[in-house]
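Let's take a walk through a protein model together, one stop at a time. Have a look at the sequence and the 3D picture, and keep them open as you read.

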Amino acid sequence: MIERGYFRRAFQIVASDPATFVVGGALLHVLSLFAFGLLTGPAISGIVWVTLKRCRGEEVSFGDLFRGFENFGATFLAG
């Protein structure tokens with residue numbers, strides 16, 4: 001069973017910059033839907049990249065959400 005600490009930490013990460021996570025995540029989700037799910041891998045990769053940067057205490061920009069598209073082949077296959 002997942003402990004409550006994981007959910008609390010996830011909430012803290014998203015609450016630290018809700019515009020980037022919520023708006024950016026929704027934008028990537030819509031983009032993936034219009035592409036019939038083919039862009040899911042790069043979209044998830046971008047969200048993971050932003051989350052890792054936030055956990056390391058680095059500055060996050062909205063453009064970081066699209067970082068998964070830089071190595072499209074690998075992230076596409078992973079998705």
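Let's start with T75, which is buried, because its relative accessible area is 12% and the cut-off for buried is under 20%. Before going further, keep in mind that this is a predicted model. You'll find T75 in helix α4, the stretch made of residues 72-78. Its side chain has a partner, too: a polar atom there lies 3.2 Å from the backbone oxygen of F72.

That brings us to F72 itself. Is F72 buried or exposed, or something in between? With a relative accessibility of 35%, F72 counts as partly exposed, since that label covers values between the 20% and 50% cut-offs.

Now for the rings. How many aromatic pairs turn up when the whole structure is searched? The search finds 4. One of them joins F69 and F72, and this pair is stacked: the ring centres are 6.4 Å apart, with 15° between the planes. The planes count as stacked because their angle is under 30 degrees. Like its partner, F69 is labelled by its accessibility: at 26%, F69 counts as partly exposed. Zoom out a little and you'll see that F69 and F72 belong to one aromatic cluster, together with F62, F66 and F76.

Two of those cluster members, F62 and F66, also show up somewhere else: a nonpolar patch on the surface. Joining them there are V14, V22, V23, L27 and L31, and the patch has about 540 Å² of accessible area together. Which helix gives the largest share of the patch? That's α2, with 4 residues. V14, on the other hand, sits in helix α1, residues 4-16. At 32% relative accessibility, V14 counts as partly exposed.

While we're talking about α2, try finding H29, which has its place in that helix (residues 18-34). H29 counts as partly exposed because its relative accessibility is 48%, and exposed would take over 50%. From H29, jump 15 residues along the chain to I44: the C-alpha atoms of the two are separated by 9.1 Å.

Our last stop is W49, where charges meet a ring. The charged end of R67 sits over the ring of W49, 4.1 Å from its centre. R56 does this as well, with its charged end over the W49 ring at 5.6 Å from the centre.

Technical notes: Residues numbered from 1 in each chain as written. Predicted model: local features only at pLDDT ≥ 70, side-chain atom pairs only at ≥ 80, totals over all residues. Heavy atoms only, no water. Helix = DSSP H or I, 4+ residues; strand = E, 2+ residues; numbered from the N terminus. Buried < 20%, exposed > 50% of the residue type's maximum accessible area, 1.4 Å probe, protein only. Phe/Tyr/Trp six-rings, centres within 6.5 Å; stacked < 30°, edge-to-face > 60°. Lys NZ or Arg CZ within 6 Å of the ring centre and 35° of its normal. Patch = residues over 30% accessible without salt bridge, like charges linked within 9 Å, V, L, I, M, F, W, Y side chains within 5 Å. Areas by Shrake-Rupley, 256 points an atom, 1.4 Å probe, with all protein chains shown as cover. Salt bridge = Lys/Arg side-chain N within 4 Å of Asp/Glu carboxyl O. Polar contact = N/O pair within 3.5 Å; in protein donor to acceptor, adjacent residues only side chain to side chain.
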